[in-house]
Every structure is written in C-alpha cells, then in structure tokens.
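I opened this notebook to keep track of what I looked up in the structure, in the order in which I looked.

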Amino acid sequence: MLFNSIQFLIFFPIVVVIYFLIPKKVRYIWLLLASYYFYMGWNAKYALLLLFSTVVTYLSGLALEHVKNKELDEPAKRRGMKICVAVSFTLNLGVLFWFKYFDFAIDNLNMILSKLHITLLNPSFDIILPVGISFFTFQALSYTVDVYRGDIKAEKNFLKYALFVSFFPQLVAGPIERSKNLLKQIEKEHSFDAGKFCDGIYLMLWGYFLKMVLADRLAIVVDTVYGDIPQYGGMYVVVATVFFGFQIYCDFAGYSTIAMGAAKVMGFELMENFNAPYLATSVADFWRRWHISLSSWFRDYLYIPLGGNRKGKARKYLNQLIVFAVSGLWHGANWTFVIWGMLHAVYQIIGDMTKGLRGKAAKLLGLNPSSTANRIVKIVVTFVLVDFAWIFFRAESLSRALMAIKSIFTVFNPWILMDDSLYTLGIGRRSFSVMLLGLLLLMVVDLFKSKGISVRQKLQMQDGWFRCAAVCVAVWFIVTVGIWGSAYNEASFIYFQF
Amino acid sequence: MNRRKLIIRGVVILVVTCLMLELTAYVLRRNTGYEKNQEFYRSDEEYDVLFFGSSHVTMGVLPMELWRNYGITSYNLANQGQTIPADYWLLRAALERKNPSLVVMDVYTLYDEQKYSVIEYVHSSFDPMPMSATKVQAIRDLLPPENQMDFLMPFSIYHNRWESVTKDYFERELSPQKGAYENNEVGVPFVEPVPEIDMSAVADTGVTETTNMQYMRKAIELCQEKGVPILLVAAPFNDETYLAEWTNGAEQLAEEYNVPFVNGAAQGMLNTMSDLYDRGHMNSSGARKWTNYLGEYISSNYDISDKRNDAAYQSWNEDYQAYREYKVQELNSVDDLNALLMLLYDKEWSACISVRAGCEKFGDDWFTALVSNAGSCAGAGEANVPGDNTQNYFCIIDNKAGQVTEHIGSGEAAEFTTSFGTLGYSLDGDGNTMLTLNGSTDTTMLQTQIVQEDQSADEAEDAGQQGLIGVQVWVFNHDTGEVLRYSMF
C-alpha cells in the first residue's frame, strides 16, 4: 500500500495504537507482521522474495560469525568469510538481476547479436518488478558487509533481523538503513515518547505536503510536456525539466520524510535522506545532500572497496565512472539512467580537473570565493547541470531525451513564460500559483535547514494549542489542495448530455 | 506532555479537522444532484407519487404542475442517464423513508444491459442520498470497485473543485421544481426520417431478458411486497415507431405482474414542432402535456385525493409560489422567439402576439405551429396565423377565460375584452403595435418602458429605425394585468 492511500491511513493508526498497547518485549513481532502485511498489499507472492533475501543474509551473517570464531589461520578465515559474502551477494544480486535487469540484458544482447546477423533470443518471461526490491536488497547486503567488516555482530534473533530488512516505513523506498543504526534500535525497547510522537506527525505532514501538494501537481505539467515533446518544444521543455527537478525531489524527499515520520511516531530514528540538495554549490556537494542513504551506500560498499581516491587520479576517475554508472542502473534498467549517472561522474571529473584553473581565473578576476554572490552563482550552475541530467532520467528513451535537448535549442518561444500558455499544461492558474508558493516555501525551509535552523523545532517550542491548530490547518490544506482521488473533470460534470 | 493530554489534543485535532473538511466538502460539492433531490431526503414530508426514470422523466414530469392542476403531491427522482438498476436502488432507499401511494417508473432503459451509463450521472443520483446500508449496497452493486470510494466519500472527487470556487459555491439554493428539470428550448423540428433501430430481437422473439429488465422485476416485486401500487410508463418522444417496439417488453412485463402500463408515445399528445427539446426529450411545453395526461390518469385510477384546499398541505401552495417565481424568471431569461412562444403553453399566464404586415413569419410553419400550440393551451379553439402577409395579425391568448381571439386588419384601432381587462389595440406611426389596458394611457407606452429595461436603448433604436420589429409578444399576469414580459423580434 502507498503512503498516500486510504488503506495506509487506516493501517498506520491501527499499527501504532496496538504497538503501544502490547508488551514491549513482543512489539518487534507485531511490527514484523505489520511490515509483511504492508508489503503483501502490493503482491502477496513477492513477500517470498523479501523472505528469501532475509534468510540468505541472516544465514550469511551467522556463517560469517561462525567462520570468524573458528580456530583457523588468518588467510583461511579470510577465504571462508569472502565465500560467505560472495554467496550472499551472488544470491541477492542474482534475484535482483532476474527481476530487474534480465529483460534489459536480453534486449541489449539481441541488439548486439542482430548486428552480427545472428538469430535473436526470444525470452518468454513477463517479469513484474517487485516493489522496493532494490531498496531491501541493498539494505540486506549492507548487513552482510557490516558483519564481514566486524562493524556489528551477527543478529541471532531471526525475527528481529527480519524486521530490520522489512521495517515497513522504509521498506519500499528507503532510506536504505544501515544495520548499525536500525538493528540497534530494534534491539532496544521503545517507550511512548510524546515529543517524538508529535515530531513524527509533523514530519509525516511535511512529507504529505511535498508528495501530494507539490510532487503530484508538478507531475501533471511534466507529464503533459514530456508526453508530447513534438508539440511542446523549446521553453516548455525547459520549464518541464526544471519542474521535473523539483517533482522528483518533492516525490522522493516526501516519501522519505513520511517514512522518517512514521518511524519516529513509534520511536525509531531513520537517517536523513535529503539535505537541501538544490542549495548544493557543486555536483559533489549535491551527492552529499541527495538520496544520502544510497550515495553513502555506494561510497562505503563500492567506491571505497574499488580503491576510492587512494590509487591515483586516473583510478579515482574510473572509480567515479563505475560507481555512477552502477548508481544509474540501480535507478532503472535503461541506458537513459546509465547516461544520467555517468553525466554526474563526468561533471565531477571535469570539475576536479578544472579546479586549479577555476581558482586561478577567480583570483585573476578578483572574485571572493566566500561571497554570497559567488555562492549563488555556484548554486545556480550546479542546479543547471543537475537539472540538465534529469532530462535523461525523465525521458522514456535516449531518442526522446535527445529530442527534448534538441528542442530546447531549436524552438524559440520564450513568450510562453509571460502569456497564459503555462496554464494549459494540465493545471489552471490557481493550482499553478499554489504550486509556485509551495516551492517557495520548500526553498525557504531548505534555506533554514542549511543554516541549521529546524522549522519543526521552532514549532515544537510553540504553545500546545497553537501546534494543534497548525496540524488542523495542515491536514485540511493537504486533503483539500493535494492531488488525490479520482481525477475530477468539471467538463464531464457540466456537460449535460442526455 | 502526558499521555492523557496528548489523547485529548488528538481528539480535538481530529474533531476540528473533520469539521473543517465537512464544511469544505459542503462548499466544494457538485450541486446538481443536491439542488434537485436534497429536499426529498431532507424533509419528513410524504408524497402521493414518486417518479423514477431517466432524463425523459426528469424533463417530462413536472410535480408542481401536477399540484397546480390536480392537487397531487409528488417528487421526481429521475435523473439524466439514470438506468433501471439505479432506479431500483433509489426506489428501495425511498421506500425506507417514505410511504407513497403510487410509484411511477419509466421503461426507457428496459433493453439496456449496463447498470449505469455515465459515472457523473450516477453521482447526481446518489450523492444527495444520505449514507445508509442501502446506499452502500447500491454502490457496491452498481459500480466497479475503482469508483466506489468516490461515492462513499464524494470529497475524494470534489476536493479539486477548490480551483474553481466562486461566490455561487457559497449560495446554494434548492430547486423549486421538486426534482424536475424544465427545458426551455425548442428543438429544430426533425425533417429527416427516424433512423431504423434493429429491434428484431424484440419483434421476433418477444421479450429478451436484460439486466435492466431484471431490475425492473425487482422494483415491481419490491413495490408489491410493500403494498405500494406501481405504474409503468413510457414517456413520449419523437421516435414513436421505435418507442412502440421498445415498449413491447414493458407491456409483457406489466401483463406478467398485472400492473398497468401507459405508453405515452401511443397517445399522440406531442407536437414535434413545439414540444421537444431534441429528438428524445420534451421541453416544458411537452412536459406540461405529459404531466397533465398523467395527472388525469392518476386522478381517475388511484385513490389519491386533491389536497389543494387541505390546510395540512398549505406549504405546497407556498412552494408553488416559489415555483411560479422561478417560472417568471425563466420567462424573462429566454431571448429566443421560439422559446418564448413555447413558454406561452402555460395556464399560468395569458399573452398577446402581434405580427406586422409583410413580416416573413407569415407562412412560416414552425412559427405558426408555436403560436397555434400556445393558443391550444387556452383549450378553446386554436390560433392560426394566416398565410396572407399583407395585413397585420394580432392574437390574444386568454388562458384564464379559456379563449383565443385573433384580429387581422390594416391596423384599425380596436378593443378587446379579456379576463385581465379591456385591451386597446392600435398602431403607432412606425407601424408598431401599441396596447392600452382598461383605457389607461399609462400603459400606452407599456412596450417602450419594458424595451428600455429588457434591451439596450441602442438595440431598441436600431430595431425601430430599421423597421425590423416584425413580431411583438406581451405576457400578462391574468389576475392583475401586470405585464410579465414584453419583447419584440
């Protein structure tokens, strides 16, 4: 079930109330049951995959612990442990490959074979991607590596471990939690904490605002333009691409924030997944702020094992290309995602290579690197680069992405920013205004965040009844103005056809 | 904050938020269904007759006309696109709260298989119905699962209307028509033959059992179980052959259950030049004819008393006044000569029509049919615009006296006695008809005063200068002599 569904709004309060009513010792079992019920809301059969990944990584943890404690010489121990890790990775990534990348691989193989005039392979599998498989697979694998590295001890209690992999708030779209953080919290018994409870509610409301009021509204405009690029060229594509940058941010950050809030209501602290990413002053900075749980996963479990920046510049650049290409593939089985990822690597490589040159140029021009103006320029340039890359992320295919880019440079129609053309893209003037005001609010909140000011904390300091009123208004606003329910078509209602 | 305090605050937040959303839902809800049917669900009133059916009934049966002429209290629960399965559920919900003396159901969708036509129409029918077990059953039965939530919680579909909120959203009024919808337009008469519709299945093999037929059976059985008489009807419209075939099934069904069936199409009561909005639907002239036909039938065949002089039903007389005001508003809102002439088919008022010599309306069959139709409302003789366009034509339709007077000449002054006073007739220098009422010179300029109110001075001047005024129409309150509407065309 989705967070913005009626089912979840019924499911969540029931889970929370029962969670706090039952004895602390069995609460994790209740959460485990709730998490599997939550996941089975999509497809009950795929809960078996979740279970499979859980069993494999749980056993790999026990096996690693067993090998570690065995009286063997160091190389044999290492070898044994590596085998455990390899088995866990092979099985988990094998399942992920089968469900997510098999068709993509076959398509590419067919393309190569057809060039060699060899008969094509015709796979007859109709594979449906299980929801959240990339998220829970990576979370489970991080546990295997953490046990291997000795960062944590293997979990003996299977049910607790199963809850770590399946914890419903972050099961299908992150944050991808680390065993060091979440497993330890599962071990602990949680008492009801009114402060955390309220804070969790505020987080959830902010998440719903981002998702329902902003992301889903932006999506209408973006889908209209990207659905018909030949008709909507030039400035329409620019506007839609800027909106898509905010759509994906609001959508993803919205989901993560609801997840954090839902977990916090029950006393769990999940890691922050987004930290004002569009205030980043470089692409590298962007990746320290965007989908933090995934980028840190790649840093810890891929970039550093590949050698990171310890083996010279050339190797560092190669590592960056590999990591970002894999990151792109993680997002989806399509070359558009690979190119999106590699573009980010190229940005950073060029940035690194020209760092000295840029510094000299700034000195020559007498620019103050710490001035606000310089910072604003950097933020804008970073946004432009990141947003340009989003074109590949959003377009259905490479050819569509190239068509969109070509259209930006060949179709001249800047007047659409001034006349009422933008109100014909699926949302009207009022809806458009709400969207822009909402984005302004988001940027203000992000600005406060970057200055270390938490709006939530400020709210917590207010009088209780003021906070109650704020919650009432927020719920009312989101439910009324948010995009949900059946699409309302005034025309079909008004049209009096007999 | 302790747990108790938190629970109290939680409850307060829940209650206040729900109230805010309820208020918002009230403002944002789509009003079509509410303004039509909310009175039925809101009041404790009992009705003699309840009508069910599709748009043919919504536009064809006027409860207030039934009250005015027969003293029958009724409510029109039909709706556009409403199928018999929807009728059945509405009937079931209605019989849970009301005890009518008669249920009238139209058979139009008898041969349909689908349980609903257009989802928005189902909203109109069911949104005003208060939540109940029957409503939930109806929604589950009629609609696909993906649409059911929209009916259980209509706010899920209407909340997006915040984008179009205007002053009107805060000024919700109930319709004074007791569920009917009068259509005040005249459809262009159809000269093309009615397209053939393949009803061979019906003609050859008799009744084909359809989903809608099954629900009609359930409706009849429900009424019989509750001891409420049911009358099946087929509203008249312009496809008489089609309707005759269509009604075969209804006749057989009525026979099977021993319930009466009235085939409106077989009565030949409609004039296709004046009584239709389009090929399939009556306008208010046609609706008055069909309603009065039903009134006669019901009064003669059922034990339903005339309540017009019953003190307990005084509120119906008050409601009728509100309905009358609505009709006067409508009379003044139409800007088309044909529509205005069509609205003259109403015993509520009397009218005068003058046509200038040489006007193209002489010999216009459609115009003649509309004037004739208006005259037929008076009940005694008909107005017949002569084909000779060399003379001026003047006609008085006195509905109170039940009399039609026609005057043809070169413009000689004349006087006519009517139920609302003595009308003085003459022509002014431009050849326009001038009227006086009871010799009063105050009313000599009657028309020009109203012209200034109805039309801009420029328009009136243009019309006068160019000598374009061919037809003049006066509508009188025949009790007071007040002019309700004057227009020149």
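The entries below go from confidence to chain B as a whole, then to one helix pair, and last to the contact between the chains.

**Entry 1, confidence.** I noted at the outset that this is a predicted model, and I looked up its overall scores, which are ipTM 0.78 and pTM 0.81. For chain B I found a mean pLDDT of 85, with 87% of its residues at 70 or more. I then looked for stretches where the confidence drops, and I listed residues 201-205 of chain B, over which pLDDT stays under 50 and for which the model has 6 contacts beyond four places in sequence. I also listed residues 447-454 of chain B, where pLDDT again stays under 50 and the model has 9 contacts beyond four places in sequence. I keep in mind that where pLDDT is low, the predicted coordinates should not be read in detail.

**Entry 2, chain B as a whole.** I counted 18 helices and 15 strands in chain B, and I noted that 42% of its 489 residues count as buried. I then asked how the contacts of chain B are spread along the sequence, and I found that, among those between residues at least 6 apart, 72% join residues at least 24 apart.

**Entry 3, one helix pair.** Two packed helices are described by the angle between their axes and the distance between the axes. I looked up both values for helix H7 (residues 133-142) and helix H8 (residues 145-152) of chain B, and I found an angle of about 155° with the axes 9 Å apart. Because an angle over 145 degrees counts as roughly antiparallel, I recorded H7(B) as roughly antiparallel to H8(B). The crossing in which H7(B) passes H8(B) is right-handed. Which residues meet there? From H7(B) I listed Val136(B), Ile139(B) and Arg140(B), and opposite them, in H8(B), I listed Gln148(B), Phe151(B) and Leu152(B). By class, the residues of this contact are 4 nonpolar, 1 polar and 1 charged.

**Entry 4, the contact between the chains.** I found that 24 residues from chain A and 28 residues from chain B take part in the contact. On the side of chain A that touches chain B, helix H17 (429-450), helix H19 (464-481) and helix H20 (490-494) of chain A each supply at least two residues. Which of the elements gives the most to this side? I found that H19(A) does, with 9 residues. Sorted by class, the side of chain A that touches chain B has 15 nonpolar, 7 polar and 2 charged residues.

How values were computed:
Residues are numbered from 1 along each chain as its sequence is written. Chains are lettered from A and ligands numbered from 1 in the order in which they are written. This is a predicted model: local features need pLDDT of at least 70, side-chain atom pairs count only at pLDDT 80 or more; totals for chains, interfaces and linings use all residues. A residue is buried if 20 or more other C-beta atoms lie within 10 Å of its own, exposed if 12 or fewer, and partly exposed in between; C-beta atoms are placed from the backbone. Two residues are in contact if their C-beta atoms, placed from the backbone, lie within 7 Å. Ala, Val, Leu, Ile, Met, Phe, Trp, Tyr, Cys and Pro count as nonpolar, Asp, Glu, Lys and Arg as charged, and the others, Gly among them, as polar. Axes are lines fitted to C-alpha atoms, for helices over the stretch in contact, and angles run from 0 to 180 degrees between N-to-C directions. Angles under 35 degrees count as roughly parallel, over 145 as roughly antiparallel, 65 to 115 as roughly perpendicular and the rest as oblique. A crossing is left-handed if the near helix is turned anticlockwise from the far one by less than a right angle, and right-handed if clockwise. pLDDT is the predictor's confidence in each residue, from 0 to 100.
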